[in-house]
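Subject: Handing over the structure

Dear colleague,

I am passing this structure on to you, with the sequence and the coordinates shown just below. Please look through them before reading on, and keep them open beside the notes.

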Amino acid sequence: MSIYTKTGDKGTTALFDGSRVKKYDDRVETYGSFDELNAEISVAEKFVTSHENKALLRNVERQLFYVCAELATEDESALVSKIVITEDDINELEKVIDAYTLKLPKVDSFVLPGSSKAGAFLHSARTIARRAERLLVRFSEQTAVRNELLKFVNRLSDFLYILAREEDFRQMLDKATKLIVAKYLEQTEQKPSTTSDLSFSFCEKLMHQVQAVSEEVGVPVTLAIVDAHGNARFNYRMEHALLVSEELATKKAYSAVAMKTSTENLTEAVQPGAPLYQLETLTNGDIVTFGGGVPIYGKDGAIIGGMGISGGSVEEDIHIAKKALSMIEKG
């Protein structure tokens with residue numbers, strides 16, 4: 001059977017209930033935009049890397065068929081036995097939006113849309129959803145449209161936005177992990193300083209070494225030590241060290257553990273176009289990407305904690321951190 005019917009050769013098209021209207025009719029323009037949106041979501045779904053997100057998008061694709069069918073029906077009686085969007089569908093979208101918003105870092109500054117392919121296509125779908133919504137609102141001023149349909153469409157763009165952010169954030173972390181592991185493997189020939197544990201005795205010894213090296217350099221600093229889970233274990237601020245050095249030292253120590261590398265190794269990786277671009281923004285500032293944070297390794301080669309030094313220039317912080325840790329090993 002041929003896919004063309006020739007019935008639209010004169011510029012009209014058939015609606016779901018069999019009636020015909022002009023192809024540029026507002027009703028056709030509106031449901032045609034949702035059809036376009038569905039196609040874009042289908043593309044995005046092929047690039048998302050989360051099974052949960054794939055299932056969510058496939059469900060939305062099915063729901064958009066119901067949206068198009070309702071909008072393509074002039075005779076309401078033809079929809080009596082058909083599936084339509086309900087309040088439950090709206091609630092399901094809101095649940096996803098709320099859950100993802102809670103687990104993602106806050107965004108306090110401008111972030112370019114779509115750092116991953118999935119995120120880029122989802123943001124593209126979001127803009128189509130907004131355009132389709134504008135057309136639907138205009139159409140609703142001419143013809144009665146169910147309130148549930150208007151609400152569902154309004155939530156849909158927010159849903160696509162939060163899925164885009166989730167894909168960007170998770171894929172960025174996956175990429176970061178692979179990059180850091182690769183860097184670590186490259187550096188395995190350079191034996192890192194090791195210790196058996198993060199006992200108070202070890203932390204105290206490290207503090208004395210930091211004090212000695214910082215006095216050589218002539219810069220008072222703050223030392224922070226965290227365990228393998230990023231929890232604070234030790235903090236010491238030398239007299240006259242900058243007040244801000246306390247927070248920065250802790251973030252450097254945490255970053256060294258979280259990213260499994262010295263923090264100066266992250267500097268190039270966060271430049272525009274590099275694999276970890278926008279890392280600091282996406283992690284809400286918890287990860288810092290300048291020098292002074294160093295992992296602490298156990299005797300078996302596993303990371304058991306991290307130390308952070310802050311108070312001097314980046315170069316001074318790196319020097320103090322690494323020399324103090326190496327002196328512990330020699331001692």
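What follows is a description of some helices, the nonpolar cores, a group of strands and two serines.

Please bear in mind throughout that this is a predicted model.

I begin with two of the helices. Helix 1 has 20 residues and reaches 29 Å from its first C-alpha to its last, which is close to the 28 Å expected at 1.5 Å a residue. Its buried residues include Tyr-31, Phe-34, Leu-37 and Ile-41, and charged residues such as Arg-27, Glu-40 and Glu-45 are buried in helix 1 as well. Helix 4, which covers residues 117-140, has 24 residues, and its first and last C-alpha atoms lie 34 Å apart, close to the 34 Å expected at 1.5 Å a residue. Among the buried residues of helix 4 are Leu-122, Ile-128, Leu-135, Leu-136 and Phe-139, together with His-123 and Glu-133.

Both helices take part in the largest nonpolar core, which has 48 residues, and in which Phe-34, Leu-37, Leu-156, Phe-159 and Leu-160 touch the most other members. The elements that give two or more residues to this core are helix 1 (26-45), helix 2 (51-71), helix 3 (87-103), helix 4 and helix 5 (147-186), and of these helix 5 gives the most, with eleven residues. Leu-156 is a useful residue to display here: leaving aside residues up to four places away in sequence, Leu-156 touches Leu-37, Val-60, Leu-64 and Leu-93. Apart from this core lies another, of 22 residues, among them Leu-206, Leu-223, Ile-309 and Leu-325.

The strands come next. Strand 4 (residues 222-227) is joined to strand 5 (residues 232-237) by five bridges, and the two run antiparallel; within this pairing, Ala-224 has Asn-235 in strand 5 as its bridge partner. Strand 4 and strand 5 form a hairpin with four residues between them, and Gly-230 in the turn has a positive phi of about 85°. Strand 4 also pairs with strand 7 (residues 303-310), again in the antiparallel sense, over six bridges, and there the bridge partner of Leu-223 is Ile-309. Because six of the six residues of strand 4 are buried, strand 4 is largely enclosed by the rest of the structure. Thr-222, Ala-224 and Val-226 point one way from the strand, while Leu-223, Ile-225 and Asp-227 point the other way.

Finally, there are two serines. Ser-255 is in helix 7 (residues 244-258), whose end C-alpha atoms are 21 Å apart, in agreement with the 21 Å that its 15 residues should span at 1.5 Å a residue. Is Ser-255 buried or exposed? Ser-255 is buried, because its relative accessible area of 0% falls under the 20% cut-off. Its side chain reaches the backbone nitrogen of Val-288 at 2.9 Å, and, not counting residues up to four places away in sequence, Ser-255 touches Lys-260, Thr-263, Asp-286, Ile-287 and Val-288. Of these, Lys-260 follows helix 7 and has a positive phi, near 60°.

Ser-326, by contrast, is partly exposed, with a relative accessible area of 22%, and its place is in helix 9 (residues 314-330). The C-alpha atoms of Ser-326 and Gln-209 are separated by 9.4 Å, although the two residues are 117 residues apart along the chain.

With best wishes

Key
Residues numbered from 1 in each chain as written. Predicted model: local features only at pLDDT ≥ 70, side-chain atom pairs only at ≥ 80, totals over all residues. Heavy atoms only, no water. Expected span 1.5 Å × (residues − 1). Buried < 20%, exposed > 50% of the residue type's maximum accessible area, 1.4 Å probe, protein only. Core = buried A, V, L, I, M, F, W, Y, C linked by side-chain atoms within 4.5 Å. Contact = heavy atoms within 4.5 Å. Polar contact = N/O pair within 3.5 Å; in protein donor to acceptor, adjacent residues only side chain to side chain. Pairing = 2+ DSSP bridges.
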